[in-house]
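Subject: The structure I promised you

Hi there,

Here is the structure I said I would pass along. Please have it open while you read the notes underneath.

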Amino acid sequence: MAMEIERKFLLPEFPQQLIEEGKLNIHSRQRIEQTYLAIDGPQELRVRKLEDLSSGELHYTHTFKNGLGISREEIEYEISQGLYEQMIRAVRAVPLIKERITGEWNGITVEIDIYDQLKLSVVEVEFHSLEEAQSFEAPDWFGLDISEEKKYSNKTVWKELQNSAH
């Protein structure tokens, strides 16, 4: 099982100036619709519809995650549109929708998520090892480290979205 090791930060403002200065190079923009099928403690099952905003190309994924904090087990694979739609119909949930902007800053791949249904923007960085993640010194523009803050996890935000939709 693959390990996902990432740190997440509360982005205080979109880094437009860094983009204009050529310090943050944007590689892709995606619209992500994310729905959880099951959540049990540290385990979660989710599906995603991913749309590449430059090509319009669609992909669908099914993901299992296990663990809490900055290091978690993760299995993710592509599924068909038909399978995705069947699962979405079965759970009848409101998807969490966000735009993901992937870029490179200072030789590091960063993912900026801007959520549609709530006022929240975060920046994530994935690492190859726990030591690398723990020793990473984030620049000021990243904002507050929320890697261990449960209230900012996608599954918590998604659960709140379900409650407000009913």
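Below is what I found, going from the whole chain to the barrel, then the helices, and finally two buried polar residues.

**The chain as a whole**

Please keep in mind that this is a predicted model. The chain has four helices and eight strands, and along the sequence they come in the order β-α-β-β-β-β-α-β-β-β-α-α. With a radius of gyration of 16 Å, close to the 15 Å that the globule rule gives for 166 residues, the chain is as compact as a globular protein of that length. Along the principal axes, its C-alpha atoms fill a box of roughly 45 × 35 × 30 Å.

A few totals round this off. Of the 166 residues, 40% are buried. Among contacts with a separation of 6 or more, 58% are between residues 24 or more positions apart. The accessible surface is about 9300 Å², and carbon and sulfur atoms account for 47% of that.

**The barrel**

The eight strands make a closed barrel in the order E1-E5-E4-E3-E2-E6-E7-E8, and the pairing is antiparallel. On average, neighbouring strands of this sheet are turned by 35° against each other, direction ignored.

Where does the barrel close, if you read that order from end to end? Look at strand E1 (residues 2-10) and strand E8 (residues 121-127): they run antiparallel and are joined by six bridges. One residue to find there is Arg-7, whose bridge partner in E8 is Val-125. E1 also runs antiparallel to E5, with four bridges between them, and here Ala-2 stands opposite Glu-74.

The stretch from E3 through E5 contains two hairpins that are easy to follow on screen:

- E3 and E4 run antiparallel and are joined by nine bridges. Glu-51 stands opposite Leu-58 of E4. Five residues lie between the two strands of this hairpin, and Gly-56 in the turn has a positive phi of about 80°.
- E4 and strand E5 (residues 71-78) pair in the antiparallel sense over six bridges. Phe-64 stands opposite Ile-75, and His-62 stands opposite Tyr-77. This hairpin has four residues between its strands, and Gly-67 takes a positive phi near 125°.

**Helices against the strands**

Helix H2 (residues 81-91) lies across three strands: E2 (24-40), E3 (43-52) and E4 (58-66). The helix runs at about 50° to E2. Helix H4 (residues 154-165) packs on the sheet too, touching E1, E2, E3, strand E6 (96-105) and strand E7 (108-115). The direction of H4 makes about 65° with that of E2.

**Two buried polar residues**

Is Lys-65 buried or exposed? This lysine sits in strand E4, and its relative accessible area is 4%, so it counts as buried. What does its side chain reach? There is a polar contact of 3.0 Å with the side chain of Glu-4, and another of 3.4 Å with the side chain of Glu-74. Glu-74 is the residue that stands opposite Ala-2 in the pairing of E1 with E5. Leaving out residues up to four places away in sequence, Lys-65 touches Glu-4, Pro-42, Gln-43, Glu-44, Arg-46, Arg-72, Glu-73 and Glu-74. If you want a distance to check your view against, the C-alpha atoms of Lys-65 and Ser-135 are separated by 24 Å, with the two residues 70 apart along the chain.

The other residue is Asn-154, which belongs to helix H4. Its relative accessibility is 11%, so Asn-154 counts as buried. Which side chain does it pair with in a polar contact? The partner is Tyr-115, at 2.5 Å. Apart from neighbours within four places in sequence, Asn-154 is in contact with Lys-8, Gln-34, Tyr-36, Leu-96, Lys-98 and Tyr-115.

If you have only a few minutes, I would start with the bridges between E1 and E8, then turn to Lys-65 and its polar contact with Glu-4, and finish with Asn-154 and Tyr-115.

Happy looking, and best wishes

Technical notes:
Residues are numbered from 1 along each chain as its sequence is written. Side-chain values use heavy atoms; hydrogens and water are left out. Two strands pair if DSSP finds at least two bridges between them. Axes are lines fitted to C-alpha atoms, for helices over the stretch in contact, and angles run from 0 to 180 degrees between N-to-C directions. Contact means heavy atoms within 4.5 Å. Buried means under 20% relative accessible area, exposed over 50%, partly exposed in between (1.4 Å probe, protein chains only). A polar contact is a pair of N or O atoms within 3.5 Å; within protein, one must be able to donate a hydrogen and the other to accept it, and residues adjacent in sequence count only if both atoms are side-chain atoms. The radius of gyration is taken over C-alpha atoms; the globule rule is 2.2 Å times the number of residues to the power 0.38. Accessible areas come from the Shrake-Rupley method with a 1.4 Å probe; for residues, only the protein chains shown count as cover.
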